[in-house]
Amino acid sequence: VISPIASLLSSSATDGNVSARSGPKHLLCTPSGVHKGRLQEVDLVKTDLFGRAVEPRQKATSEIRMHLAVYEERADVQAVVHAHPAYAIALSVAGVSLEPGFVSESVIALGTILTVPYASPTSADVAAAVRPHVSRANALILERHGTLTLGGSVEQAYIRTEILEHTAKIVAIARAVGGALPLADEEVARLRDIAVELGVEPLPDETDDVVQIVAERVLRRLKG
């Protein structure tokens, strides 16, 4: 999965980073400053849950604190992909949020796309900025920096990065040709209902909402 990710991570092959849980006490992550398209399994860095490399000669990604923050906040997350795709970053530079929901498939697959306020890359501030948002979204745009997607596997997190960037591209093109109108709130709610029917797992902060949606659906069937 790492090889196709390399082309999406950014225009620079050494940028972006990926991590995944490796048992209850360790993570595997991409190393710092290494071409992602040329990575071999032996290049991956095994760390503890404090970000310390098990093999001292190896150096974990410089964004390891951001990854650790996600795993600390979300026990269900098994993998994290951080990329620097152009359209998502461009929209954040322009002050455009994808949170309202613009594309139906994106709402179903990703839910809400949140924008995290700017923090200096590789700093502890990035981890602090991400923490309040990860319980409410599986797809985040880091303002003027990149994207952060979460998943049950590296492949799922990568697919979410692709969907996020494709959505950003659509919105950017729509704004260029006349304007990007978000979906109505009622339609977003309906799409979330459809997501539940399709088996998309709810986020921790959405559990109560999902229970309500399921309850309403059962009531409709009983009445119908």
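How many salt bridges does the structure hold? In this predicted model, the structure holds five salt bridges, and a walk through them also shows how far the charged partners are covered or open.

A good place to begin is the pair formed by D48 and R52, whose closest N and O atoms lie 2.7 Å apart in a salt bridge. The two partners of this pair can be taken one after the other. D48 has a relative accessible area of 16% and is therefore buried, because the word applies to values under 20%. R52, with a relative accessible area of 53%, is exposed, because that word applies to values over 50%.

The next pair to look at is E55 and R57, whose side chains meet in a salt bridge with 3.1 Å from N to O. R57 counts as exposed at 75% relative accessibility, while E55, with a relative accessible area of 32%, is partly exposed, since partly exposed covers the values in between the two limits.

Further along the chain, R74 and D76 bring their side chains together in a salt bridge, and here the distance from N to O is 2.8 Å. Is R74 buried or exposed? With a relative accessibility of 2%, R74 counts as buried, whereas its partner D76 is partly exposed, having a relative accessible area of 40%. Besides this pair, there is a network to find in the model: E72, E73 and R131 are joined into one network by salt bridges that share partners.

Technical notes:
Residues are numbered from 1 along each chain as its sequence is written. This is a predicted model: local features need pLDDT of at least 70, side-chain atom pairs count only at pLDDT 80 or more; totals for chains, interfaces and linings use all residues. Side-chain values use heavy atoms; hydrogens and water are left out. A salt bridge is a side-chain nitrogen of Lys or Arg within 4 Å of a carboxyl oxygen of Asp or Glu. Buried means under 20% relative accessible area, exposed over 50%, partly exposed in between (1.4 Å probe, protein chains only).
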